[in-house]
Amino acid sequence: MRHNRIMLDVLKGKAVSPPPLWMMRQAGRYLPEYRETRKRAGSFLDLCYNPDLAVEVTLQPIERFGFDASILFSDILVVPNALGRDVRFEEGRGPLLTPITAAEISALESETFHVNLEPVYETVRRLRAKLPDETTLIGFCGAPWTVATYMIAGHGTPDQAPARLFAYREPEAFSRLLKVLADHSAAYLIRQIDAGADVVQIFDSWSGVLDDVSFEAFCVEPVAEIVRQVKAVHPDVPVIGFPKGAGERYRDYRQKTGITGLGLDWTVPLTMAKELQRGGAVQGNLDPLRLVAGGKALTDGVDAILKALADGPLIFNLGHGITPQTPVAHVEAMVNLVRSATR
């Protein structure tokens with residue numbers, strides 16, 4: 001039974017005061033307890049694939065701040081890793097992969113996909129058993145376009161030019177890659193829901209680098225396919241889409257993809273966010289650097305969002321992930337500001 005998980009009420013279109021609150025990357029390097037656990041884990045992927053430690057770090061921000069939602073500690077690149085691609089993380093460089101070629105796409109390994117991801121599913125099962133009953137548990141995956149950009153370039157780039165060129169030069173191969181990622185990402189989310197996730201979120205961190213034609217083909221259509229497959233098995237489970245940098249394309253993203261909640265980056269004007277809220281719940285969209293700065297910058301940012309959006313279905317969040325240099329005291333201040341708000 002799900003009791004008093006207010007984030008689920010908001011995703012059904014209800015306005016709640018104060019709004020539910022969580023942060024993207026809330027289990028992370030800004031927390032001293034996370035840094036201690038990370039030292040014990042070995043590699044970053046070892047941490048993702050160790051249910052004992054992954055549960056520990058997922059629970060840390062819940063125990064400290066009492067957020068209304070807990071998001072599984074993992075990474076979007078476990079999907080290509082589970083498909084047989086090498087993935088490693090280097091301090092100061094981020095994720096590194098061997099760039100995939102067009103010929104290698106058909107060789108992606110599907111048979112052991114769920115076996116490879118079983119530690120993640122075990123983490124979800126343990127989290128649901130250990131979390132407070134009122135805390136919503138969020139599972140997630142990366143959107144096919146964003147995951148593909150790392151698989152093609154082998155690392156993050158400022159504008160994902162390698163993936164864009166690949167898509168233009170090898171359209172059939174790129175279409176196959178998006179399909180493989182969409183199908184396996186949907187299956188991954190379904191297994192997370194089976195294990196206890198209440199909500200799933202699809203992160204499309206690089207949607208903002210595309211032109212209109214590419215955005216439709218590379219971002220909208222694959223996410224719509226993921227949503228279709230997830231809803232076919234779990235029709236009542238909400239799906240949050242986060243197409244970072246989508247700009248004006250946010251306006252019809254929910255309708256075209258079938259997502260339930262719409263995650264907004266910090267560049268989305270609050271007047272536009274209010275319009276988007278008429279179509280359902282919105283999530284966001286405090287600039288993470290306001291949280292780093294604290295003080296008046298933080299108060300002004302929180303107040304503006306609440307003034308504009310708190311009378312509708314709002315999940316208060318950052319407009320992207322929290323940065324490692326964020327002071328813990330500023331997170332505490334933000335939580336207090338949001339929790340003390342009334343409509």
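Biologist: What makes you call both Trp 145 and Phe 174 buried?

Modeller: Both fall in the buried class, which means under 20% relative accessible area (exposed is over 50%, partly exposed in between; 1.4 Å probe, protein chains only). Do bear in mind that this is a predicted model, where local features need pLDDT of at least 70, side-chain atom pairs count only at pLDDT 80 or more, and totals for chains, interfaces and linings use all residues. Residues are numbered from 1 along each chain as its sequence is written, and side-chain values use heavy atoms, leaving out hydrogens and water.

Biologist: How many aromatic pairs are there, and why is Phe 65 with Phe 67 called tilted?

Modeller: There are 12. Rings of Phe, Tyr and Trp (its six-membered ring) pair if their centres lie within 6.5 Å; planes under 30 degrees apart are stacked, over 60 edge-to-face, and the rest tilted. For Phe 65 and Phe 67 the centres are 5.2 Å apart and the planes at 40°, so this pair is tilted.

Biologist: And what makes the pair of Trp 145 and Phe 174 edge-to-face?

Modeller: Its centres are 6.0 Å apart, with 75° between the planes, and an angle over 60 counts as edge-to-face.

Biologist: How do you know that this pair links distant parts of the chain?

Modeller: Trp 145 sits in helix α8 (144-153) and Phe 174 in helix α10 (171-195), 29 residues apart. Helices here are DSSP runs of H or I, at least four residues, and strands are E runs of at least two, numbered from the N terminus.

Biologist: Why are β1 and β9 called edge strands?

Modeller: In the open sheet, ordered β1-β4-β5-β6-β7-β8-β9, β1 (69-71) and β9 (314-318) each pair on one side only. Pairing takes at least two DSSP bridges between two strands.
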